[in-house]
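The following exercises concern a structure made of chains. Please study the sequence and the model before reading each solution.

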Amino acid sequence: MNTTRRGLSFYLLAAFFALFVLFLYGPTATILVLSFQGPEGGLTFPMNGVSLHWFHNLFEQQAVGDFGGSFRRSIALGLMVMVLTVLFSVLAGFAFRRRFTGSGALFYLAVASLIVPSILVSLGIGLLFNILGLEPTWYGSALGAHLTWTLPFGLLIVFAIFNRFNPAYEEAARDLGASPWQTVRHVVLPILLPSLIGVGLFGFTLSYDEFARTLMTAGSFNTLPLEIYGMTTNVTTPVLYALGSLTTVFSFTVIGLFLLGLIALRRHRLRRAAAAG
Amino acid sequence: MTLTAETPRPSATAAAGRARRVRLLPLVAPYLQAAPLTVALLLFLLVPILTIVAVSFWDYDSVRLYPDFVLTNYVELLTSPVTWKTYLNTLKFAALTWAITLGIGFTVAYFLAFHVRSTTWQMVLFLVCTIPFWTSNIIRMISWIPFLGRNGLLNSGLISAGIIDQPLEFLLFSDFAVVLAFVHLYALFMVVPIFNSMMRIDRALVEAARDGGASAAQIITNVILPLSKPGIAIGSIFVVTLVMGDFITVRLMSGGQSASIGLMIANEISLLQYPAAAANAVVLLAVVLIMVVAMLRVVDIRKEL
């Protein structure tokens, strides 16, 4: 592999990769720019002046639905989904390290959860609540609907982690007299921690952006994606882009915080390892 | 292995009672640990799907649903030419999106895995590819409007370059826009599993092929491609199922001018024709499951983690 000169194929592939990245980020960058349209500007270029008009517009209650409320609900829901996803998938990950009756069926149920079209989950939960005479709520039925999407991802990641996990650490802890709980608390969980942060990021962002599964399960209060979707059908001003820019910046901030958290964790551990000699 | 390691030491006073608890615990622990996940999936996946199956046999009128066992919903669905046309259209979207994302996914993963030499750069570039996945799909669709619209960047660019003199109408609100958005949204689902497969290919195999006189193209087709099959299969399952069940992308990007099965179900839901939507959903689920089982013949998912 280590030939010193790079051939033509490398540059062609690099160019392809660059185009792919441009394809991924280009459109988002465009609406980021267009959300600063002047008050008279439209949905496309040219820019008609530069202003924060549309961001102001966004926060006027009557202009566009309940942006603030739906944003708060989406964050609360995302956090709940995140905590439950990490907790449930780690626990199940421990279970799957041993053989137990029904483990195969449970695994296939989780995989099925990934491939069942979202609209079916939405329809099924909506119908179920309808028949049982229950009121769908974003913190109840929508929470459950989101879990059917985040849990299988969480479980698969935890599987991948445990497959690479060296059981010698646990055996060493036991040989030194640690109880099963101490082994988990002081040996296994710290080793898993960085990956669990990843599972949490999955849980939060998948829920925060989920649309189809929320459609029939959110009840009378909208989450942010539902609010945005409502806007696409009746708003024809750059206020739509302003909202898009804000949520995108928010998503990037969340990802950035998670990455910073990971880096801080690694630094902290390196320093502790160095201090311990 | 855990059972032997946790054999209690007969030293303490309440040894017998503890011993029983300690020996019992490893036996029930997996069930307790798996319980929350199982309950969540049963309550919010299995029971709802069984509900759909049940409701698909119900009768309904414009006011309410009548629990019953009638086949009219299925008969109406399967005898309507609209259904067949819509399935054809959905399959067309799935096939096009699959082929394009596979091409992009394989090329990008191949570049990252075999042409980027430093691990740090590999991870950085991989992260660059994955970040858009964490942002809102609806916003990513909307962001094509200023680009593809009648007065969008692409049209004005082509006009000022003198290539066309009328704006191209097919760019936005068309099947073209739908497939473009699908590729934009789901290419990543191909890149990640294929990259994962390629990173596990023993580099010595590539070396050996080169020493044996294989050309770069031969190495790709005879070594890398066969060994990347599991990743390709997993990516294909993701992309195909996501496209088959989609309704929001088709609705937004075709401007209501194209149809998909998901969209058909969504429309029936909004008209409160739940039993019709349920029958449609059952058929869609069956079709998707058949496609997935076919693709699973290529790969054992549990081995790939």
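**Exercise 1. Determine how many residues each chain gives to the contact, and describe the side of chain A that touches chain B.**

Step 1. Chain A gives 73 residues to the contact and chain B gives 71 residues, where two residues are in contact if their C-beta atoms, placed from the backbone, lie within 7 Å.

Step 2. On the side of chain A that touches chain B, at least two residues each come from α1, α3, α4 (103-115), α5 (118-132), α6 (141-163), α8, α9 and α10 of chain A. Helices (H or I, at least four residues) and strands (E, at least two) are DSSP runs, numbered from the N terminus.

Step 3. The largest share of this side, 16 residues, belongs to α1(A).

Step 4. By residue class, this side of chain A has 53 nonpolar, 17 polar and 3 charged residues. Here Ala, Val, Leu, Ile, Met, Phe, Trp, Tyr, Cys and Pro count as nonpolar, Asp, Glu, Lys and Arg as charged, and the others, Gly among them, as polar.

A note on the source: this is a predicted model, in which local features need pLDDT of at least 70, side-chain atom pairs count only at pLDDT 80 or more, and totals for chains, interfaces and linings use all residues. Residues are numbered from 1 along each chain as its sequence is written, while chains are lettered from A and ligands numbered from 1 in the order in which they are written.

**Exercise 2. Compare the span of α4(A) with the expected one, and name its buried residues.**

Step 1. The expected span of a helix is 1.5 Å times one less than its number of residues. For the 13 residues of α4(A) this gives 18 Å.

Step 2. The end C-alpha atoms of α4(A) are 19 Å apart, which agrees.

Step 3. Leu106(A), Ala110(A), Ser113(A) and Ile115(A) are buried in α4(A); a residue is buried if 20 or more other C-beta atoms lie within 10 Å of its own, exposed if 12 or fewer, and partly exposed in between, with C-beta atoms placed from the backbone.

**Exercise 3. Examine α10(A): what is its span, and what covers its buried residues?**

Step 1. Helix α10 (residues 239-275) of chain A has 37 residues and reaches 53 Å from its first C-alpha to its last, close to the expected 54 Å.

Step 2. Its buried residues include Val239(A), Leu240(A) and Ser251(A).

Step 3. Among the elements that cover the buried residues of α10(A) are α1 (8-34) and α3 (67-95) of chain A, together with α6 (137-142) of chain B.
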